Amino acid sequence: MGVTFVVVARIPRAGIECFQRYEQAVLPLLEEHGARLERRLRSAAGEVEVHLLTFAEEEALAAYLDDPRRAEHRELLAASGAELELLEVDDIPTA
């Protein structure tokens, strides 16, 4: 079943290119950490992005966040000025 997270990224217009380059570098690492990018949504202007991620276990999230290959690209994230919010979420059954 795993653990599901939503990531909300709010990106200043001037930082969109840096943020996209950061994502190109780090999103491929998810699979190596037992994670799946279920959905990736972006607002029309590109200033808000939402990811729905599923990890096999919480420790996999920690391993992804601590991955040194991800750290190599932190300057791109910083340069983008993006503000990230990570939320653990659960499915709610519909009636």
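Which residues does D67 touch, not counting residues up to four places away in sequence? Hold on to that question while we walk through the fold; the answer comes in point 6.

1. A word on the model and its sheet. Please keep in mind that you are looking at a predicted model. A good place to start is the open sheet, in which 4 strands follow the order β2-β3-β1-β4. Their pairing is antiparallel. At the edges sit β2 (35-42) and β4 (83-89), each of which pairs on one side only. From one strand to the next, the twist averages 20°. As general background, strands of a sheet pair through backbone hydrogen bonds, either parallel or antiparallel.

2. One strand pair to look at. Edge strand β2 pairs with β3 (residues 48-55) over 7 bridges, in the antiparallel sense. If you would like a landmark in the viewer, find A35: the residue opposite is F55 in β3.

3. The helix across the sheet. Helix α2 (residues 58-65) lies across β1 (3-10), β3 and β4. Relative to β3, helix α2 runs at about 130°. Its buried residues are A60, L61 and Y64. These residues are on the same side of α2 because they cover an arc of only 105° around the axis. What covers them? The elements include β1, α1, β3, α3 (68-71) and β4.

4. Salt bridges, and one that spans the chain. Searching the whole structure turns up 7 salt bridges. In general, side chains of opposite charge can pair when their charged atoms come close. A nice example is R40 with E23, where the closest N and O atoms are 2.5 Å apart. This pair links distant parts of the chain, with R40 in strand β2 and E23 in helix α1 (residues 16-26), 17 residues apart. How accessible are the two partners? E23 counts as buried because its relative accessibility is 2%, under the 20% cut-off. R40, at 40% relative accessibility, counts as partly exposed.

5. A network around R40. R40 also forms a salt bridge with E49, and here the closest N and O atoms are 2.9 Å apart. E49 is buried, its relative accessible area being 1%. Taken together, E23, R40, R42 and E49 are linked in a network of salt bridges. I would suggest displaying these four side chains together, as the network brings in R40 from strand β2 and E23 from helix α1.

6. Back to D67. This residue is found in the loop between α2 and α3. Is D67 buried or exposed? With a relative accessible area of 4%, D67 is buried. Now for the opening question: leaving out residues up to four places away in sequence, D67 touches L29 and H33. With H33 there is also a polar contact of 2.7 Å between the side chains.

7. The other partner of D67. The side chains of D67 and R69 meet in a salt bridge, at 2.7 Å from N to O. While D67 counts as buried at 4% relative accessibility, R69 is partly exposed, with a relative accessible area of 34%. So the side chain of D67 takes part in a salt bridge with R69 and in a polar contact with H33, and D67 is buried at a relative accessible area of 4%.

Conventions
Residues numbered from 1 in each chain as written. Predicted model: local features only at pLDDT ≥ 70, side-chain atom pairs only at ≥ 80, totals over all residues. Heavy atoms only, no water. Pairing = 2+ DSSP bridges. Helix = DSSP H or I, 4+ residues; strand = E, 2+ residues; numbered from the N terminus. Axes fitted to C-alpha atoms, helices over the stretch in contact; angles between N-to-C directions. Contact = heavy atoms within 4.5 Å. Buried < 20%, exposed > 50% of the residue type's maximum accessible area, 1.4 Å probe, protein only. Arc of directions from axis to C-beta. Polar contact = N/O pair within 3.5 Å; in protein donor to acceptor, adjacent residues only side chain to side chain.
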